[in-house]
Amino acid sequence: MHVMVLGAGVIGTTSAWFLRQAGHDVSVIERESQPASETSFANGGQISVSHAEPWANPSAPLKVLRWLFADDAPLLFRPRLDPAQWRWCLAFLMECRPCRTRDNIAKIVELGLHSRRMLDETRAELGLHYDDLQRGILHFYTSQAEYDAAVAPAALMRKLGCDLEMVDRERMLEIEPALRFTNAQIVGGSMTYADESGDACAFTRKLADKAAGRGVAFKYNTTIVTIETARGTVTGVQVREPDGSYKRLTADAYVVALGSYSAGWLKPLGINLNIYPAKGYSATLPVRDPERAYTVSLTDDEYKIVFSRLGNRLRVAGTAELSGYNLGLNATRCQALVRRTLEIFPDVADPAKAQFWTGLRPATPSNVPYIGKSKLKNLYLNTGHGTLGWTHSCGSGHVLADIVSGRRPAVSWAAAA
Ligand SMILES: Cc1cc2nc3c(=O)[nH]c(=O)nc-3n(C[C@H](O)[C@H](O)[C@H](O)COP(=O)(O)OP(=O)(O)OC[C@H]3O[C@@H](n4cnc5c(N)ncnc54)[C@H](O)[C@@H]3O)c2cc1C
């Protein structure tokens, strides 16, 4: 069967890889000149299977209200005359109920554990290196109340199969000695030894090369302009070719992996996905003093910032802004990232050398993605991965390939998507 994957972010590329592994003819349509050029380009780098608590949790509504008017708040809501934004926010509030949060954590952990297995296998089979480090993720708290509040979700995640351990400050310094230089008041943390970090863009581009080597046809600089349907099936895709001409491409089945743009493409086809762009920022800084630079990936609970070591670079990422599709850099938010990095790790890097970037997380209110069949017979979804698309990419691609191939997927809830 010929399967056409729409979008070559980390999700489209892993989908293409696993579809090819399952024996399909695969083509990929991507508007940029390389894979992973949009949201998968410079993310936080964490493979965070065990820290799986979604943004929507019982404590979120109060926090969001408190942050409403602070320009450097971790989560910023800029109200717009946009029904999609309000629909998303209302659904987000519903997902904050304890029963929904528990259900979402269970789904996220199930997908995460499967993804970790698939990433391990893929990395070993292909010998991929992407500044990956298998040193765990240390989530640290600067408030005793937040640390205490983390104990119950940690117990739930342990019950679901995650290796999450609450650790005191002394143990944290053993895990990440660079923290001994910190100027922040750290009260404790939670450590997940099996979590990882690495450059999602490098991974995606290397995997795309391997997939091309096995026969996947990547069409870059090719923009989808129309998805055509008739009698409940997709009949073709109109694209603008690199030379500006228009062409109609066809396949037996189609996979939508268009990140934050997926919902807009599917609405005219009668498929209503609740995906809204949650804009995030990252800064990448060359290491100045290796002794002061972390190697364990970290999450700062107070500022909702993640830190990953990518070779001799530091990647720092965070903030979520619900403000539509603009990718502009806000200087206050950029500086907040660098300021916090230097507070936690003084003198680790030269702030003048920071490279800033923004990306649009394809966020669902629950942080559970859409993976599986759509109501059109030959159209499949692999999108809406929000804060954890890199973490969930290999598992999502594998599950999608199983569903397209008519096999029972390893993740129980995906079949019903
Ligand atoms: C600041 C930040 C930090 C993050 N940190 C982490 C982290 O530490 N760990 C983690 O797991 N996740 C993280 N994420 C989330 C993760 O990066 C995303 O979930 C993931 O990249 C989404 O991948 P995707 O393939 O769905 O989307 P994308 O990477 O955006 O891919 C969609 C592709 O579709 C293409 N496309 C769109 N429209 C068209 C069209 N009309 N024609 C042709 N092609 C089109 C785009 O060019 C793009 O390449 C972070 C995100 C951000 C923004």
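Helices and strands here are DSSP runs, with at least four residues for a helix (H or I) and at least two for a strand (E), numbered from the N terminus. By that count the chain holds 11 helices and 20 strands. The model is a predicted one.

Start with the chain as a whole. Its C-alpha atoms fill a box of roughly 60 × 45 × 40 Å along the principal axes. A compact globule of 417 residues would have a radius of gyration near 22 Å, and the chain has 21 Å, so the two agree. Of the 417 residues, 51% count as buried. Contacts often reach far along the sequence. Take those between residues at least 6 apart: 76% of them join residues at least 24 apart.

Next, the domains. The chain is divided into two parts, and each is built from separate stretches of sequence. Domain 1 takes residues 2-40, 202-274 and 367-416. Domain 2 takes 46-81, 130-196 and 276-363. Their centres, taken over C-alpha atoms, are 29 Å apart. Where they touch, domain 1 gives 17 residues and domain 2 gives 16. On the domain 1 side, helix α8 (residues 200-213) supplies the largest share, three residues. That side has four nonpolar, 11 polar and two charged residues.

Now look at the sheet with six strands. Strands of a sheet pair through backbone hydrogen bonds, either parallel or antiparallel. This sheet is open, and its pairing is mixed. Read across it and the order is β9-β2-β1-β13-β20-β19. The edges are β9 (217-219) and β19 (370-373), each of which pairs on one side only. Neighbouring strands are turned by 20° against each other on average, direction ignored.

Follow the β19 edge inward. β19 pairs with β20 (residues 379-383) in the antiparallel sense, over four bridges. Within this part of the sheet, Tyr-370 stands opposite Thr-383 in β20.

A helix covers part of this sheet. Helix α1 (residues 10-21) lies across four strands: β1 (2-6), β2 (25-29), β13 (253-256) and β20. The helix runs at about 170° to β2.

Go back to the other edge, β9. Between β9 and β10 (223-230) comes a loop, and Asn-221 sits in it. The phi of Asn-221 is near 50°, a positive value in a residue other than glycine. Is Asn-221 buried or exposed, or something in between? A residue is buried with 20 or more other C-beta atoms within 10 Å, and exposed with 12 or fewer. Asn-221 has 13 such atoms, so this residue is partly exposed.

Past that loop lies β10, which belongs to an open sheet of three strands. The order is β10-β11-β12, and the pairing is antiparallel. β10 and β12 (246-249) are the edge strands, each pairing on one side only. Here neighbouring strands are turned by 25° against each other on average, direction ignored. Seven bridges join β10 to β11 (residues 233-240), and the two run antiparallel. One bridge pair to find is Ile-227 with its partner Val-237 in β11.

Finally, turn to strand β5 (residues 137-141). How many of its five residues are buried? Five of the five are, and the strand is mostly covered. The side chains alternate in direction along the strand: Ile-137, His-139 and Tyr-141 point one way, while Leu-138 and Phe-140 point the other way. Residues pointing either way are buried.

β5 has pairing partners as well. With β7 (residues 188-192), β5 pairs in the antiparallel sense over five bridges. There, Gly-188 in β7 is the bridge partner of Tyr-141. With β15 (residues 297-300), β5 runs parallel, joined by four bridges. In that pairing, His-139 has Thr-299 of β15 as its bridge partner.

One more residue deserves a look before β5. Asp-131 lies in the loop between α4 (98-126) and β5. Asp-131 has a positive phi of about 55°, although it is not a glycine. With 18 other C-beta atoms within 10 Å, Asp-131 is partly exposed.

Key. Residues numbered from 1 in each chain as written. Predicted model: local features only at pLDDT ≥ 70, side-chain atom pairs only at ≥ 80, totals over all residues. Pairing = 2+ DSSP bridges. Axes fitted to C-alpha atoms, helices over the stretch in contact; angles between N-to-C directions. Contact = placed C-beta atoms within 7 Å. Rg over C-alpha atoms; globule rule 2.2 N^0.38 Å. Domains from an automatic or database assignment. Nonpolar A, V, L, I, M, F, W, Y, C, P; charged D, E, K, R; others polar.
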